[in-house]
Amino acid sequence: MGYRIAYSVSGKVLMATISGSCPTPAFLAREISRQARENSASYLLVDVRGLQDRAGRLREVLADRSIPGRIAVVDSPANERLYLFAELDARARGCILQRFDDPESALKWLWGK
């Protein structure tokens with residue numbers, strides 16, 4: 001099927017909405033990290049609700065040394081249990097990651113509201 005990443009920027013927040021299927025999580029991570037660098041993003045919002053095969057994806061994104069210090073992930077509440085380890089892994093790498101049900105809540109958190 002393939003995948004698609006739609007990007008938008010709001011202030012210092014890079015928003016990446018991923019849909020479809022991608023068998024190479026490292027490629028997704030490199031693409032998102034490159035966009036974050038090119039846009040001088042301080043924060044990252046990743047919407048993975050449309051990603052069909054997300055197992056192991058967050059670890060790949062966090063592996064990139066140039067990721068922003070705060071990452072908000074929008075995902076279904078049914079997947080909340082997957083984020084415990086991602087949040088701990090993020091903390092060990094010097095950034096903060098949190099899962100949200102909707103983009104509006106995620107943006108409020110990123111902007112500190």
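Reader: What share of the contacts in the protein chain with a separation of 6 or more comes from residues 24 or more positions apart?
Author: This is a predicted model, in which local features need pLDDT of at least 70 and side-chain atom pairs count only at pLDDT 80 or more, while totals for chains, interfaces and linings use all residues. Residues are numbered from 1 along each chain as its sequence is written, and side-chain values use heavy atoms, with hydrogens and water left out. Contact here means heavy atoms within 4.5 Å. Among contacts in the protein chain with a separation of 6 or more, the share from residues 24 or more positions apart is 71%.

Reader: Thanks! In what pattern do the helices and strands follow each other along the sequence?
Author: Helices (H or I, at least four residues) and strands (E, at least two) are DSSP runs, numbered from the N terminus. The protein chain has 4 helices and 5 strands. Read along the sequence, their pattern is β-β-α-β-α-β-α-β-α.

Reader: Which strands stand at the edges of the sheet?
Author: The sheet is open, with 5 strands in the order β1-β2-β3-β4-β5 and mixed pairing; two strands pair if DSSP finds at least two bridges between them. An edge strand has a single partner, so one of its sides is left without a neighbour in the sheet. That describes β1 (3-10) and β5 (96-100).

Reader: And how many degrees does the twist average from one strand to the next?
Author: Angles run from 0 to 180 degrees between N-to-C directions, and the axes are lines fitted to C-alpha atoms, for helices over the stretch in contact. From one strand to the next, the twist averages 20 degrees.

Reader: Inside the sheet, which residue of β4 is the bridge partner of D47?
Author: Strands β3 (residues 43-51) and β4 (residues 70-74) run in the parallel sense and share 5 bridges. The bridge partner of D47 in β4 is V74.

Reader: Which strand does helix α4 run at about 170 degrees to?
Author: Two helices are worth viewing together here. Helix α3 lies across β3, β4 and β5, at about 155 degrees to β5. Helix α4 (residues 103-110) lies across β2 (13-20), β3, β4 and β5. The strand that α4 meets at about 170 degrees is β4.

Reader: Which residue is the salt-bridge partner of R49?
Author: A salt bridge is a side-chain nitrogen of Lys or Arg within 4 Å of a carboxyl oxygen of Asp or Glu, and the structure holds 5 of them. R49 is partly exposed at 43% relative accessible area, where buried means under 20%, exposed over 50% and partly exposed in between (1.4 Å probe, protein chains only). Its partner is buried, at 7%. With N and O 2.5 Å apart, that partner is D47.

Reader: How many residues apart in sequence are the parts tied together by R99 and E80?
Author: The closest N and O atoms of R99 and E80 are 3.7 Å apart in a salt bridge. R99 counts as buried at 12% relative accessibility, whereas E80 is partly exposed at 49%. R99 lies in strand β5 and E80 in the loop between β4 and α3, so the sequence separation of the parts they tie together is 19 residues.

Reader: Which residues are joined into one network by salt bridges that share partners?
Author: One of the salt bridges pairs R34 with E31, at 2.9 Å between the closest N and O atoms. These two are 3 residues apart in helix α1 (residues 25-38), about one helical turn. R34 is partly exposed at 28% relative accessible area, and E31 is buried at 19%. Through shared partners, the network joins E31, R34 and E38.

Reader: Which residues make the nonpolar surface patch?
Author: Patches are made of residues with over 30% relative accessible area and no salt bridge, joining like charges within 9 Å and nonpolar side chains (Val, Leu, Ile, Met, Phe, Trp, Tyr) within 5 Å. Areas come from the Shrake-Rupley method with a 1.4 Å probe, and for residues only the protein chains shown count as cover. L88, in helix α3 (residues 83-92), is partly exposed at 44%. The patch, of about 330 Å², is made by L84, F85 and L88.

Reader: Finally, what is the phi of S40?
Author: Most residues other than glycine have a negative phi. S40 lies in the loop between α1 and β3 and is partly exposed at 46% relative accessible area. Although S40 is not a glycine, its phi is positive, at about 50 degrees.
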